[in-house]
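Grab a pencil and open the viewer. Here is a short set of exercises to work through, each with its solution.

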Amino acid sequence: MSSDCYRRRMDRDVIGGLLTQWGESSYRMEQIIRAQRTGAQSWDDVTTLGKELRARLAEHGPLWSVTPRERLVSVDGTVKWRLGLHDGREIEAVLIAHARGRRTLCVSSQVGCALGCKFCSTGTMGFGRDLTTWEIFEQALIAAHEADQQGARLSNVVFMGMGEPMHNLPAVFGAIHEMHRPAPGLGISARQIAISTVGWVPGIAELQEFPLPVRLAVSLHAADDETRSKMMPINQRYPIYNLLSACRRYCDTTGRRVFIEYVLLDGVNDSQADAKRLANILRDGRFHVNLIEYNATGGEFQGSRPERRELFLATLERAGLEASVRRSRGADVAAACGQLVTAARGKAVGKVPTAS
Ligand code: SF4
């Protein structure tokens, strides 16, 4: 374990408290965020602050509350970071490249996850702790800087990294406000930010009241309770009927559609009968289905064959559903859906300097 594992936590609340205590203007905080946004690694790089103030802040802790420990780059351009936290724990974040210079960040909201979905590597870690607003937002600052370096733009954020975001909504909402607000926030449109849940029904009701029009994505992954409960223990608490009822209330209250995520698993949920059942339970026009290619995690599941996937898609479309296939990205560096776990795999092709 490296020596900086147990550094003091130094997130915005702590820094803001110190600045207020020292009689500094609140604008100092904005200067700090601007410096992080443009790649400052340590207090010495925040040259918009006086030398004395930088030295005082450095006595209390490092500039960053998340520290890149490893940076892996996929053959398709996807970047995955392993990030260290002040208490020695680690998380991962992924930046996915799209056409026309757009980039999507897949952000983590917790260390590990308590929900134990059977197809997901993060689920094997168990629950560590919730991330703070600042630990979430700093993942976006790192990603925005990386996008800038690539001549691109961080345009989208999906809460589909480690953890169940609905279990940590206060911190998630705080981070979304920071991502959305104009500079030194990231100015990301709320409609380009998606919160994904495996079906935490009370969280869906809470999201209805959130003032920013972010997207809701629900990982359904099965069209009957028996199959879903085998894959996702949460289904025993909130079965499909209750979950979809909460989604419909959300749609009716907000006027927004819900995105249904459905990972196609060979021989588990990808038959024609499954496709017809799915079409049947979603046939009221409030949903868009994303079919997801599964990335093997070394467990019991295999992804569906391409011909079964195409047949499944055609059946949904014939039944009048809007559906599309989401291609797997970053699988060669274990950065794809369901593969995030803090045990580094793959080949490091670039290293980010460690912040201090
Ligand atoms: S799929 Fe999401 S909720 Fe399920 S174990 Fe993985 S991180 Fe947790």
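The exercises below go from domains to helix pairs, then to the loops and the ligand.

This is a predicted model, where local features need pLDDT of at least 70 and side-chain atom pairs count only at pLDDT 80 or more, while totals for chains, interfaces and linings use all residues. Residues are numbered from 1 along each chain as its sequence is written.

**Exercise 1. Find the domains of the protein chain and say how far apart their C-alpha centres lie.**

Step 1: split the chain into domain 1 (1-63) and domain 2 (65-333); such bounds come from an automatic or database domain assignment.
Step 2: take the C-alpha centres of domain 1 and domain 2, which sit 32 Å apart.

**Exercise 2. Describe how α1 and α2 cross.**

Step 1: locate helix α1 at residues 12-21 and helix α2 at residues 27-37. Helices (H or I, at least four residues) and strands (E, at least two) are DSSP runs, numbered from the N terminus.
Step 2: the two axes come within 9 Å and cross at roughly 140°. Axes are lines fitted to C-alpha atoms, for helices over the stretch in contact, with angles running from 0 to 180 degrees between N-to-C directions.
Step 3: that angle makes α1 oblique to α2. Under 35 degrees counts as roughly parallel, over 145 as roughly antiparallel, 65 to 115 as roughly perpendicular, and the rest as oblique.
Step 4: list the contact, with R12, I15, G16 and L19 from α1 and R28, M29 and I32 from α2. Two residues are in contact if their C-beta atoms, placed from the backbone, lie within 7 Å.
Step 5: sort the contact residues of α1 with α2 into four nonpolar, one polar and two charged. Ala, Val, Leu, Ile, Met, Phe, Trp, Tyr, Cys and Pro count as nonpolar, Asp, Glu, Lys and Arg as charged, and the others, Gly among them, as polar.

**Exercise 3. Do the same job for α4 and α5.**

Step 1: the axes of α4 (residues 133-149) and α5 come within 8 Å, crossing at roughly 40°.
Step 2: α4 is therefore oblique to α5.
Step 3: T133, I136, F137 and A140 of α4 touch base with A171, V172, G174, A175, E178 and M179 of α5 in this contact.
Step 4: by class, the contact of α4 with α5 has seven nonpolar, two polar and one charged.

**Exercise 4. At what angle do α6 and α8 cross, and which classes make up their contact?**

Step 1: helix α6 (residues 201-208) and helix α8 (residues 240-254) have axes that come within 9 Å and cross at roughly 0°.
Step 2: α6 and α8 are therefore roughly parallel to each other.
Step 3: count classes in the contact of α6 with α8: eight nonpolar, four polar and no charged residues.

**Exercise 5. Track down the backbone features of P184 and R100.**

Step 1: the peptide bond from A183 to P184 is cis, with omega near 10°, and P184 is in the loop between α5 (169-180) and β8 (193-197).
Step 2: R100 isn't a glycine, yet has a positive phi of about 55°; look for R100 in the loop between β3 (90-97) and β4 (102-106).

**Exercise 6. Which residues surround the ligand?**

Step 1: pick out C113, L115, G116, C117, C120, T122, G123, M162, G163, E164 and V198. A residue is near a molecule if its C-beta atom, placed from the backbone, lies within 6 Å of it.
Step 2: that shell around the ligand divides into six nonpolar, four polar and one charged.
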